[in-house]
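Work through the following exercises with the sequence and the coordinates side by side, and try each task before reading its solution.

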Amino acid sequence: MPDSQSIAPSNIQTDTYSSRNRPKPKRALVLGCGAVAGAAWMIPALVQVREQLQWNPEEADIFIGTSVGAVLVSLMAGGITLNDLIASQEGQHQNIWDHARDSGPWYPPLPTFKFTAPQLFNKMRKGDLSSLTGWVGLLPQGGFDMAPFIKLIDRVKATEGIQKDWVDHDNCWLVCVDNQTGERKAFGRDKSELKNINLSQAVCASYGVPGWCPPVEIDKRNYIDGGVVSPCSADMLIDTDIDEVIMLVPMSASKPDKPWSMFRKIERKIRKGMTRIVDKEVALLEAAGKKVIRIEPTAEDLQAIGYNMMDPRRRELVYTTSRMSSKENVRQALIKGFSS
């Protein structure tokens, strides 16, 4: 879009929060699931959030991350800057995140001969869980090597204090799903649990994509990717004192493209179901009095993403496309969120 159609960062800030008598809003940053492509798409969008809202996402009062979103919020809450994440996407990994080396192949590694979570399938048959959550339980347990993620996250873990082995931030919540019950678990929300949780374990559990990555045992329970129940779990903020929710959801699309490819059509059908979940969460947040800034891929972004969010061969294209689409995409999201 032409620059003349853009709202300057100062306009958004002035119209919304410039009053001297108005307190600074408490903000949550919610980053959803989306694997390799999701991270590549979210980082340019976060840059536009920073520029247009004149607010640093690293300063969020609450972080909520699901799957690759858990990786990103852990890094940001642990002191890795958005500029560092940009550099890593552009090949200047600076010993932080070498995407070319650590993302793995575009296809899943050889699986084990075990189901990911057969109990979830049984609960779906009884009507207790959605079809998406239930069917993924029958995927084989993946064999992806999580060592690169463990090494990455270990860099930001606190080494002392009451949050040792977690991040030194009061509210960094990492969402997983219990593979027996199908219930979501936000590690980091309950401070009393932190003494028994390792940040790297929680991130790996949240990123435990069924069929690709193995479940992760934490405190005698097994957990898988939080995205099998919700692509972002923003509804966990309903009962908090947060004023504004900034949510980036790679697996949602209110205005999807219309692909011809069979595989892309299947992916868009799954995405449609996830979008409905996000719709419900946004409605609940707004009913609770929160301002919600909902940012999701455009049709152009979806063309770049394709159908395999785990495919590292498309990462650079997704990143480049998001750099071009995010300015207007974020501008529209801010207008809609602050006018609702």
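**Exercise 1.** Determine the handedness of the crossing of α8 and α9, then describe their geometry and contact.

*Solution.* The crossing of α8 and α9 is right-handed, a term used when the near helix is turned clockwise from the far one by less than a right angle, left-handed being the anticlockwise case. The model is a predicted one, in which local features need pLDDT of at least 70 and side-chain atom pairs pLDDT 80 or more, while totals for chains, interfaces and linings use all residues. Residues are numbered from 1 along each chain as its sequence is written, and side-chain values use heavy atoms, without hydrogens and water.

Next, take the axes, which are lines fitted to C-alpha atoms over the stretch in contact, with angles from 0 to 180 degrees between N-to-C directions: those of α8 (residues 147-154) and α9 (residues 199-206) come within 9 Å and cross at roughly 135 degrees. The two helices are therefore oblique to each other, since angles under 35 degrees count as roughly parallel, over 145 as roughly antiparallel, 65 to 115 as roughly perpendicular and the rest as oblique.

Finally, list the contact (heavy atoms within 4.5 Å): F149, I150, I153 and D154 of α8 meet L199, S200, V203 and C204 of α9. By class, these are 6 nonpolar, 1 polar and 1 charged residues.

**Exercise 2.** Compare the expected span of α2 with the distance between its end C-alpha atoms, and decide how α2 lies against α4.

*Solution.* The expected span is 1.5 Å times one less than the number of residues, so the 19 residues of α2 should span 27 Å, and the 26 Å between the end C-alpha atoms agrees with this. Of these 19 residues, 17 are buried, meaning under 20% relative accessible area with a 1.4 Å probe and protein chains only. Just after α2, Q54 takes a positive phi of about 55 degrees.

The axes of α2 (residues 35-53) and α4 (residues 82-89) come within 10 Å and cross at roughly 140 degrees, and the pair is therefore oblique. The crossing is left-handed. From α2, the contact uses A39, A40, I43, L46, V47 and R50, and from α4, L82, N83, L85, I86 and Q89; they divide into 8 nonpolar, 2 polar and 1 charged.

**Exercise 3.** Is T275 buried or exposed?

*Solution.* T275 lies in α10 (residues 262-287). At 7% relative accessibility, T275 counts as buried. Leaving aside residues up to four places away in sequence, T275 touches M251, S252, A253, S254 and R294.

Note on methods:
Helices (H or I, at least four residues) and strands (E, at least two) are DSSP runs, numbered from the N terminus. Ala, Val, Leu, Ile, Met, Phe, Trp, Tyr, Cys and Pro count as nonpolar, Asp, Glu, Lys and Arg as charged, and the others, Gly among them, as polar. Buried means under 20% relative accessible area, exposed over 50%, partly exposed in between (1.4 Å probe, protein chains only).
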